[in-house]
Amino acid sequence: MNRFIPGTTMKFSEQAREHAFSMISPVLEATGGLTLSQLSKLTGLEGTTIQNWIKRGWVSPTRGGKKYSQQQVLRILLINMLRGAMKLEDIANLMVYINGDVEDTSDDIISDELLYNILCKIIFTAEDKGAFDTDNVRKLVTEEVEEYANEITDEEKLKKAMYVMIIAYRSGFLKSEMEKGLRVILEEFGA
């Protein structure tokens, strides 16, 4: 299977299993942030899409320069990994449910980095087991949230949101696979 780190164009590596964002953070630290073109390459998104998300208030605007900070990159990765199956407005509402105002981290129930890392870990685990059924996903979410309970302010709220996020990610993947299969059939059919 050709695996990618969720929300990115980066190929999966074992290093990403426990801390997916550790594959990206060294570049951010070395460069002081990512340019729009670097962020577009990382995510596969058009620059206009990223700028639109900022205009809508789903991602905080850049400050004092044109580089995107770790917080902005994480939020873009989270939105990108869910957009294959969810409406952007629903993703934005889900992010507000989890972490309130995009500009204010004091109301966050979990850091975006930890949220992203846990989501990726659950996705990789479920993929390895071939088990994206609802019971297994709920079990994996519960285990991971409990493991990081000291870094989370509202476990029950987070469990609900993460369940939706994992199912949305998987639904987006399955939709993409269906579309690939349909293209092959239509090409064979001559349509």
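1. Let's start where helix 5 and helix 7 come together. On the helix 5 side, the residues involved are Q70, Q71, L74, R75, L77, L78 and M81, and they meet D112, E113, L115, Y116, L119 and I123 of helix 7. Sorted by class, this contact has 8 nonpolar, 2 polar and 3 charged residues. Keep in mind as you look around that this is a predicted model.

2. Now the geometry of that pair. Two packed helices are described by the angle between their axes and the distance between the axes. For helix 5 and helix 7, the angle is about 35 degrees and the axes are 9 Å apart. The crossing of helix 5 and helix 7 is left-handed.

3. R75 deserves a stop of its own. This arginine sits in helix 5, and its side chain makes a polar contact with the side chain of D112, at 3.1 Å. Is R75 buried or exposed? R75 counts as buried because its relative accessibility is 5%, under the 20% cut-off. Leaving out residues up to four places away in sequence, R75 touches W58, V59, M95, N99, V102 and D112.

4. Helix 5 has another partner, helix 3, which covers residues 36–43. The axes of helix 3 and helix 5 come within 11 Å and cross at roughly 35 degrees. Here the crossing is right-handed. From helix 3 come L39, L42 and T43, and from helix 5 come V73, I76, L77 and N80. By class, the residues of this contact are 5 nonpolar, 2 polar and no charged. Notice that L77 turns up here and also in the contact with helix 7.

5. Take L39 as the example from helix 3. L39 has a relative accessible area of 0%, so it is buried. Setting aside neighbours within four places in sequence, L39 is in contact with L34, I50, Y68, V73 and I76. For a sense of scale, pick E179: it is 140 residues from L39 along the chain, and the two C-alpha atoms are separated by 26 Å.

6. Which residues touch the most other members of the largest nonpolar core? They are V73, L115 and Y116, out of 58 residues in that core. Helix 3, helix 4 (47–55), helix 5, helix 6 (88–99), helix 7 (112–129), helix 8 (134–147) and helix 9 (155–189) each give two or more residues to it. The largest share, 10 residues, comes from helix 7.

7. V73 is worth clicking on next. Not counting residues up to four places away in sequence, V73 touches F21, I24, L28, L34, L39, L42 and Y68. Two of these names, L39 and L42, appeared in the contact of helix 3 with helix 5. As for the other two core residues singled out above, L115 and Y116 are among the helix 7 residues that meet helix 5.

8. Q72 is the next residue to inspect. This glutamine lies in helix 5, which runs over residues 70–82. Q72 counts as buried because its relative accessibility is 3%. What does its side chain reach? One partner is the backbone oxygen of S60, at 2.7 Å, and another is the backbone nitrogen of S69, at 2.6 Å. Residues up to four places away in sequence aside, Q72 touches V59, S60, P61, T62 and K67. V59 is also on the list of residues that R75 touches.

9. Moving past the end of helix 5, A85 lies in the loop between helix 5 and helix 6. With a relative accessible area of 40%, A85 is partly exposed. Leaving aside neighbours within four places in sequence, A85 is in contact with A168, S171 and G172. A85 and R170 are 85 residues apart in sequence, and their C-alpha atoms are 8.4 Å apart in space.

10. Last, a look at K180 in helix 9. K180 is partly exposed, with a relative accessible area of 40%. Compare its position with that of P61: K180 and P61 are 119 residues apart in sequence and 35 Å apart in space, C-alpha to C-alpha. P61 is one of the residues that Q72 touches.

How values were computed. Residues are numbered from 1 along each chain as its sequence is written. This is a predicted model: local features need pLDDT of at least 70, side-chain atom pairs count only at pLDDT 80 or more; totals for chains, interfaces and linings use all residues. Side-chain values use heavy atoms; hydrogens and water are left out. Helices (H or I, at least four residues) and strands (E, at least two) are DSSP runs, numbered from the N terminus. Buried means under 20% relative accessible area, exposed over 50%, partly exposed in between (1.4 Å probe, protein chains only). A polar contact is a pair of N or O atoms within 3.5 Å; within protein, one must be able to donate a hydrogen and the other to accept it, and residues adjacent in sequence count only if both atoms are side-chain atoms. Contact means heavy atoms within 4.5 Å. Axes are lines fitted to C-alpha atoms, for helices over the stretch in contact, and angles run from 0 to 180 degrees between N-to-C directions. A crossing is left-handed if the near helix is turned anticlockwise from the far one by less than a right angle, and right-handed if clockwise. Ala, Val, Leu, Ile, Met, Phe, Trp, Tyr, Cys and Pro count as nonpolar, Asp, Glu, Lys and Arg as charged, and the others, Gly among them, as polar. A nonpolar core is a set of buried Ala, Val, Leu, Ile, Met, Phe, Trp, Tyr and Cys residues joined through side-chain atoms within 4.5 Å.
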